[in-house]
Amino acid sequence: MPDDLPAAAPSWTGSPLVARLTAYGQRLRQWDRRHPWVLDLAVIAALFLMFCVPDLVPHDDGRGPDELQLAFTHLPPAGTLALQAGLLLPLFWRRRAPSVALALTAAVFVVQWSLGVFLRADVALLVALYSVTLHARLRHLPWAGAGVVTLLLPVAARVSRAVSFWEALFFLLTAVTAAVALGLAVRIRRAQLASLRDRARQLEIERDQRSRLAAVTERTRMAREMHDIIGHNLSVIITLADGGAYAADATPERSKQALELVGDAGRQALGELRRMLGVLREKSDAPELNPQPGIGDLDALCTRIRAAGPEILLRSAGELDTLDRGVQLMTYRIVQEALTNTLKHAGPRTRVDVLIAVEGPALRIRVQDTGPPDAATPLEPPAEEGHGIAGMRERAALYGGTVTVGPTAGGGWAVEAVLDLTPIPVSPGGAL
C-alpha cells in the first residue's frame, strides 16, 4: 500500500458484536455513575469468592510443599475471615479515597504477615495499588509503589524456604509492575477519551458559532441589498410623484411623463427584488433571472435620477469593462447609494458629478454634488452614520478599499471610494 494512503481500519471494529459490546459498556458506565457503590461491592464479592473461599474450605491434602506449611501459621476460620475482611473491605473506598484504601489494606497486610499467616486475599494489595494508579494523584504513585515493594520484601524472604528468594521477589515485583502498568494504561485511555469528548464539544460549539455568524452575515448582506434596492427606487418614485403632482395642473404632459417614470422605477425595483429573492429558492424553482447590474448600467441609473430633477454628469476613465463582476456590482451599488442620498438631502435642484476611473491598481469612485441651491451654510456631517454609508464602507472593505464621506467647501457633499484591484495571490497548493 502506498505510504501516502491511510491504513484501513480493522474489519472487526465495525462488526455487530463490537458495536453491541460498546453499547453495553456505555450503558454500564452510565449505570455505574448513578450507583457507584454497586460496582465496588461487586468487586469485593468477586475477590471474596475467588480468593477467600478457598482459604476457608479445609483441605485434607495440605496446601503446597511441606516447607511452606511449616513456614506459615494456620488460624481458625474466624481469624482467617477477620483478616480477609480487613484486606477486602477498604476496597469499597478504592475509587473515592484510593490512597486511604491502600493504607488500610497495607496495615492489615502487615498485621497478617507479622502473625505468619498466608492468605490468597493478599491480592487486595495489588488491587488497591491499581486503584491508586488509576484514581489518585500521580504524585502519590511513587510513594505507593515504594511502600508496596517494601512490604513484599519480607514476604519474599518468608517463602525462601520453598523457593529462591530472588525468584519469589521477581514474581512479586512482576505482579506490582503489572498492577501499575494496567492502571496507567486505563488512566491514559480515559484521559484520551475525555480529551476527544471535550474536543468534540468544542467543535460543536465552533460549528454552531460559525452557523450563527454565517446567518448574521447573510442577514446583513440581504439587509444591505434591500436598502440599496428599495431605498433608492422609493426615493426616485417619491420625488417623481411629488413633481408630477405639482405639474398636474400647469403641464399635464409632464405629469404623464412623471407617472411613466414612476412605473419604470417600480418595475426596476420589482425586477431587482425578484432577482434577489430568487437566489433564496431552490435551484429547480428559481426563475430565469437577469444578471446583477454593473458599470454599464450606470447610464440607465443616471437617466432615472435625472428624471427626478438633478443634473448628473457621468465620467469614466480606464478599462472598466474588464473589471470583475463583483467589482462592477459594488461600484454600481456605491454610486446608487450616493445618488440616492444626494436626491434625499440636496433635493432635485442640484448638480452631481460622478467619476469612475481606473488608476493603476486602484479603482476610484467619486460622487460630488453642489448641495441645495438655497443652502446658506455648508452641510454638516451627521452625528451618526446611516445604514447606507455603513453599507458602502462594508462593500469597499471586501476589496481592501476605503470610503470617505463629507461636505465640500462649496456647500455640497462628496462620497469618494477607492478599491484595491490587485489580485489576491494564490499559493501552488491552492491556499490563499
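Helices, as counted here, are DSSP runs of H or I with at least four residues, while strands are runs of E with at least two. On that basis, residues 100–121 of this predicted model are 68% helix and 0% strand, and the end C-alpha atoms of the span are 18 Å apart. This stretch belongs to a UniProt annotation, "transmembrane region", drawn from an unreviewed entry, which also covers residues 37–57, 77–93, 141–157 and 169–188. Among these, residues 141–157 are 100% helix and 0% strand, with end C-alpha atoms that lie 25 Å apart.

In the chain as a whole there are 12 helices and 5 strands. Buried residues make up 33% of the 432 residues, and the exposed area of the chain amounts to about 26,300 Å², of which carbon and sulfur atoms supply 62%. Of the contacts with a separation of 6 or more, 69% are accounted for by residues 24 or more positions apart.

Helix 7, which comprises residues 141–158, was examined for its length and for its buried positions. At 1.5 Å a residue, the 18 residues of this helix should span 26 Å, and the 26 Å found between its end C-alpha atoms agrees with that expectation. The buried residues in helix 7 include Leu 141, Ala 144, Gly 145, Val 148, Leu 152, Val 155 and Ala 156. An α-helix has 3.6 residues a turn, so residues three or four places apart point the same way. A further helical span is found at residues 186–213, which the unreviewed UniProt entry annotates as "coiled-coil region"; the chain there is 100% helix and 0% strand, and the end C-alpha atoms are 40 Å apart.

A search of the whole structure for charged pairs finds 8 salt bridges. Side chains of opposite charge can pair when their charged atoms come close. One of the salt bridges is formed by Arg 95 with Asp 40, where the closest N and O atoms are 3.1 Å apart. Arg 95 lies in the loop between helix 4 (77–88) and helix 5 (98–114), whereas Asp 40 lies in helix 2 (residues 36–56), so the pair ties together parts that are 55 residues apart in sequence. Asp 40 also meets Arg 96 in a salt bridge, at 3.2 Å from N to O. Because Arg 96 is likewise placed in the loop between helix 4 and helix 5, this pair with Asp 40 of helix 2 ties together parts that are 56 residues apart in sequence. Asp 40 itself is buried, with a relative accessible area of 0%, while Arg 95 counts as partly exposed at 21% relative accessibility and Arg 96 counts as partly exposed at 45%.

Another salt bridge involves the strands: the side chains of Glu 416 and Arg 364 meet at 2.1 Å, N to O. Glu 416 lies in strand 5 (residues 413–420) and Arg 364 in strand 3 (residues 362–369), so that this pair ties together parts that are 52 residues apart in sequence. Arg 364 is partly exposed, with a relative accessible area of 24%. Both residues take part in a network of salt bridges that links Glu 359, Arg 364, Arg 366 and Glu 416.

Individual positions were then considered. Ser 131, which lies in helix 6 (residues 123–135), has a relative accessible area of 0% and is therefore buried, the cut-off being under 20%. The side chain of Ser 131 is joined to that of Arg 94 by a polar contact of 3.3 Å. When residues up to four places away in sequence are not counted, Ser 131 touches Arg 94, Pro 98 and Ala 136. Ala 45, a residue of helix 2, is by contrast partly exposed, with a relative accessible area of 38%. Ala 45 and Leu 89 are 44 residues apart in sequence, and their C-alpha atoms are 9.9 Å apart in space.

Asp 297 is placed in the loop between helix 9 (252–278) and helix 10 (298–307), where it is partly exposed with a relative accessible area of 35%. Apart from neighbours within four places in sequence, Asp 297 is in contact with Gln 292 and Tyr 332. The C-alpha atoms of Asp 297 and Gln 328 are separated by 9.6 Å, the two residues being 31 residues apart along the chain.

Technical notes. Residues are numbered from 1 along each chain as its sequence is written. This is a predicted model: local features need pLDDT of at least 70, side-chain atom pairs count only at pLDDT 80 or more; totals for chains, interfaces and linings use all residues. Side-chain values use heavy atoms; hydrogens and water are left out. Buried means under 20% relative accessible area, exposed over 50%, partly exposed in between (1.4 Å probe, protein chains only). A polar contact is a pair of N or O atoms within 3.5 Å; within protein, one must be able to donate a hydrogen and the other to accept it, and residues adjacent in sequence count only if both atoms are side-chain atoms. Contact means heavy atoms within 4.5 Å. A salt bridge is a side-chain nitrogen of Lys or Arg within 4 Å of a carboxyl oxygen of Asp or Glu. The expected span of a helix is 1.5 Å times one less than its number of residues. UniProt positions are given in the numbering used here, feature names are shortened, and annotations may be inferred rather than shown by experiment. Accessible areas come from the Shrake-Rupley method with a 1.4 Å probe; for residues, only the protein chains shown count as cover.
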